[in-house]
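Student: Could you pick one buried spot in this model and take me through it slowly? I'd like to see what sits around it and how the helices there are arranged.

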Amino acid sequence: MWILFLAIGAISWTFLEYMMHRFLGHEHKGKNFFKTEHTQHHAKVHYFAPAYKKLLAAAIVAIVIFLLVNMFYGALNSAAFVIGLLGMYSLYEITHYRYHASKPLIAPFIILRKHHFYHHFHNPKMNHGVTTRFWDRVFSTFKEVDKVHIPQKMSMTWLVKDGEIRTPYVKHFHLNKR
């Protein structure tokens with residue numbers, strides 16, 4: 001049974017990722033802990049919230065979720081759920097950082113980068129998912145992306161060399177030089 005809770009925890013992260021990004025990062029009108037850091041990330045392509053803030057938030061969420069799930073399903077299943085959730089959160093953090101800082105490891109993952117960069121550089125009301133496009137499809141915030149136009153001042157070193165898009169990425173990205 002705990003293996004099921006591990007899987008449900010991992011899948012739950014993708015939903016939580018979508019909901020936090022969309023509602024705390026973009027649709028919430030006031031200030032909140034998430035929006036402040038998220039706004040910086042959109043303004044500065046290489047900015048990521050400090051690790052201590054992420055770890056503190058993850059610890060608080062993990063404790064609260066463990067206690068809630070434990071009330072109904074016991075300690076082992078609660079621990080498995082939280083481990084699945086935190087495991088997928090860790091994968092999200094690594095993936096998101098790599099999108100901005102490193103070239104793709106394998107070509108098929110360029111689709112998720114384009115999905116994410118469309119959100120950054122075209123329309124922040126669309127494509128909220130980072131690790132999956134599933135929830136964007138479910139909640140009608142999905143936009144299919146052929147080519148992403150990247151502002152030169154926001155370009156990433158893995159993507160651009162000598163002021164031009166590197167050859168492997170030309171069909172996926174365009175550099176706006178204004």
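Tutor: Let's start at His116, which is found in helix α4 (a helix is a DSSP run of H or I, at least four residues, numbered from the N terminus). Bear in mind that this is a predicted model, where local features need pLDDT of at least 70 and side-chain atom pairs count only at pLDDT 80 or more, while totals for chains, interfaces and linings use all residues. Residues are numbered from 1 along each chain as its sequence is written, and side-chain values use heavy atoms, with hydrogens and water left out.

At 1% relative accessibility, His116 counts as buried (under 20% relative accessible area; exposed is over 50% and partly exposed in between, with a 1.4 Å probe and protein chains only). Setting aside neighbours within four places in sequence, His116 is in contact with His41, His96, Tyr99, His100 and Val130 (contact: heavy atoms within 4.5 Å). With one of these, His100, there's a side-chain to side-chain polar contact at 3.1 Å (a pair of N or O atoms within 3.5 Å, where one must be able to donate a hydrogen and the other to accept it; residues adjacent in sequence count only if both atoms are side-chain atoms).

Now follow His41 into α2, residues 33-43, where His41 is buried along with Phe34, Lys35, Glu37, His38 and His42. The cover over those buried residues includes α1, α3 and α4 (110-121). At the start of α2, a side-chain oxygen of Asn32 gets to within 2.8 Å of the backbone nitrogen of Phe34. Glu37 is a nice one to click on: it's buried, at 12% relative accessible area, and its side chain makes a polar contact with that of Tyr47 at 2.3 Å. Beyond four places in sequence, Glu37 also touches Ala49, Pro50 and Lys53.

Two of the covering helices also meet each other. The axes of α1 (residues 2-27) and α3 (residues 51-101) come within 7 Å and cross at roughly 50°, and the two helices are therefore oblique to each other. Among the residues that meet there are Trp2, Phe5 and Trp13 from α1, and Tyr73, Phe81 and Tyr92 from α3. By class, that contact has 17 nonpolar, five polar and one charged residues.

For contrast, look at Leu56, also in α3: Leu56 is exposed, with a relative accessible area of 53%.

Notes
Axes are lines fitted to C-alpha atoms, for helices over the stretch in contact, and angles run from 0 to 180 degrees between N-to-C directions. Angles under 35 degrees count as roughly parallel, over 145 as roughly antiparallel, 65 to 115 as roughly perpendicular and the rest as oblique. Ala, Val, Leu, Ile, Met, Phe, Trp, Tyr, Cys and Pro count as nonpolar, Asp, Glu, Lys and Arg as charged, and the others, Gly among them, as polar.
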